[in-house]
Each structure stands twice: as structure tokens, then as C-alpha cells.
Amino acid sequence: MVISGLLVLFLSIAQITLARPLKVFVSILPQKYFVEKIGGDSVEVAVMVQPGASPATYEPKPKQMVALAKSDIYFAIGVPFEKTWLPKIVATNPKMDIVYTQIGIEKRGMKSHHAHQQESKHHYGETEHGQDRHTGKDPHVWLSPPLVMLQARNILNALETLDPTHRALYQANYKSFIVELVELDLELKRLFQTTTEHSEFMVFHPSWGYFAQAYGLEQVPIEIEGKEPKPAELKYLIQYGKKIGIQVIFVQPQFSWQAAQTIAQATSAQIVVVDPLAPNWAENLRQVAVKLSTALR
């Protein structure tokens, strides 16, 4: 009778434990969208980089470090602040699983010039010997639907490993999410099939390289790694903007727009704000795609 009572008590405690959502941390808002799509009500997601802040320079708040100490899993994505802070986060909670959702993705090199800039040895971003100057790997893998499919698989694997009780739920949600991603990818491909004038678009910060790669486009960045263009580089960008007939320069809330405004004034282009860190990921990509396709016609 005592044993039976203890067994019932143990099972009750186990059920309460299993009923608790997994406490999850992610680096940026779009990841919250991905994790909730797969985890549903079985996850409770907190975001490290707050709206308006930059993943390049973010420093966690004290209350976030406290919350991390109680978390089950951290989904990293390869943004710059993680290099400094992930070791400190691990020290805060050694039992927390760290999952690198970008695993399996071949990163693009972030170049400070493009193929069209090889006509002159003085082109923007070239060395004095005319060679490409690489500035590291592009972390913006969350802006390409095909690459998000790979990230979704990594998220699924982590959730069902840590919480096998809800494996069937996670797998069903994952399959539904993949269908959504495929449909979104096809929708964007159809949209850009009508873009025939040119494929280059100007951005202040080079966030949209993977997006451009997925849909046959090319971004022309004004700055690289947060560095404003020098006067000679700014002059080249104005000349090139006039050459390709840019109508729009895309900027984002996390960076200064000063250089972009200078180019816009000189080329009669409009400044348009697009946010690569918007929380409603799918709808945001649709809106950006419409703005881009309109600007490229």
C-alpha cells in the first residue's frame, strides 16, 4: 500500500515535470519564430538581442543572465556577440544545452567589393593590388528560406533529444513548418521571376546576401562590418548607383543611415527601411521581397 502510494506520488511529480515547457533562449527574434513553430506550447522562448539592438555589439542584461541560469537550452546562430558571450553563458549554466542552429550551412564570405568593381584598381574595397578583401563570414543565415529549412532540422533534433516525450508533436510541427517554408520559397521565386531590368540592389548593411543568393539577386553594400565608407568609396558608390539607376537604398533600424542618405541625395533614390531582425519572420520576408522587386523593375 505504501509502495503503491509512493508510485502514484512519483508519477504525479513526473507528469508535472513533463508538463513544464522547456525554457529556451535564442539569440535573435527570428529564431523565436522558428523555435515556436516547431516547439509550440511545449517551449517557452526568451530572446537575447532586444528590438533595436545590434547582434554585433549586444551585451546581455543582468536579468537575462539570471534567466539563463534556469534555462534548458540555448539556440545559437553565429551572430558576432555570441563569440564573446557564449562562454560566459555556459559558465552561468553548465547544464544548459548549447545548440548551433547554423551547423551544416556553408557560410558566404562577406566581400567589400563586387565583381562589377574590378574595372578600376581604385574600386571600393579593393586592396592596392586589386585583390578581393574578405571581411569574414556572413552570419545572416536566417534570411534565406532554404537555409532556414536546415536550421529547422537542427532545432527539431535538439528538442526531441532533450524532450522525447513530445517527439511526435515536434515532428508534426516541423513537417508543417517545412511545408510553409517551401511555399514561401516558391512564392518569392515567382515574384522575382518578373524582375528583368537588373539584379543589383543597394543596402547600407550587408544583411541580405543569402536572400539575394536564393533569388538570383546581388546586394551592393555601403558599409562592411560597421565601417562607414571613405570619401573615395562613397564617390564610387554614387557613381555606380547612378550607373545602375538605383531608385531605393535599403537601410535597417540598427545602423546609422548617414552615408545612405548622402548617396540617396546624390542619386535621387529613396531611403526604405527593412529590418532583418523583425519578429514576424515570414511576413517580413514577403514585405521586403515586394519592396525589392518593385525597386528592381
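1. In this predicted model, phenylalanine 25 has alanine 46 of strand 2 as its bridge partner. The wider pairing runs between strand 1, which covers residues 22-26, and strand 2, and the two are joined in the parallel sense over five bridges.

2. These strands belong to an open sheet of four strands, arranged in the order 2-1-3-4 with parallel pairing. Strand 2 (43-47) and strand 4 (97-100) each have a single partner strand, so they stand at the edges and one side of each is left without a neighbour in the sheet. From one strand to the next, the twist averages 25°.

3. Two helices that pack on the sheet deserve a comment. Helix 2, residues 29-39, touches strand 1, strand 2 and strand 3 (73-76), and the direction of helix 2 makes about 175° with that of strand 2. Helix 4, residues 81-92, packs on the sheet through contacts with strand 3 and strand 4, and its direction makes about 170° with that of strand 3.

4. A separate point concerns glutamate 160, which is found in helix 5 (residues 145-162). Is this glutamate 160 buried or exposed? Its relative accessible area is 10%, and because the cut-off for buried is under 20%, glutamate 160 counts as buried.

5. As for the surroundings of that residue, glutamate 160 touches Arg167, Tyr170 and Gln171 when residues up to four places away in sequence are not counted. With glutamine 171 there is also a polar contact, made from side chain to side chain at 3.0 Å.

Terms used: Residues are numbered from 1 along each chain as its sequence is written. This is a predicted model: local features need pLDDT of at least 70, side-chain atom pairs count only at pLDDT 80 or more; totals for chains, interfaces and linings use all residues. Side-chain values use heavy atoms; hydrogens and water are left out. Two strands pair if DSSP finds at least two bridges between them. Axes are lines fitted to C-alpha atoms, for helices over the stretch in contact, and angles run from 0 to 180 degrees between N-to-C directions. Contact means heavy atoms within 4.5 Å. Buried means under 20% relative accessible area, exposed over 50%, partly exposed in between (1.4 Å probe, protein chains only). A polar contact is a pair of N or O atoms within 3.5 Å; within protein, one must be able to donate a hydrogen and the other to accept it, and residues adjacent in sequence count only if both atoms are side-chain atoms.
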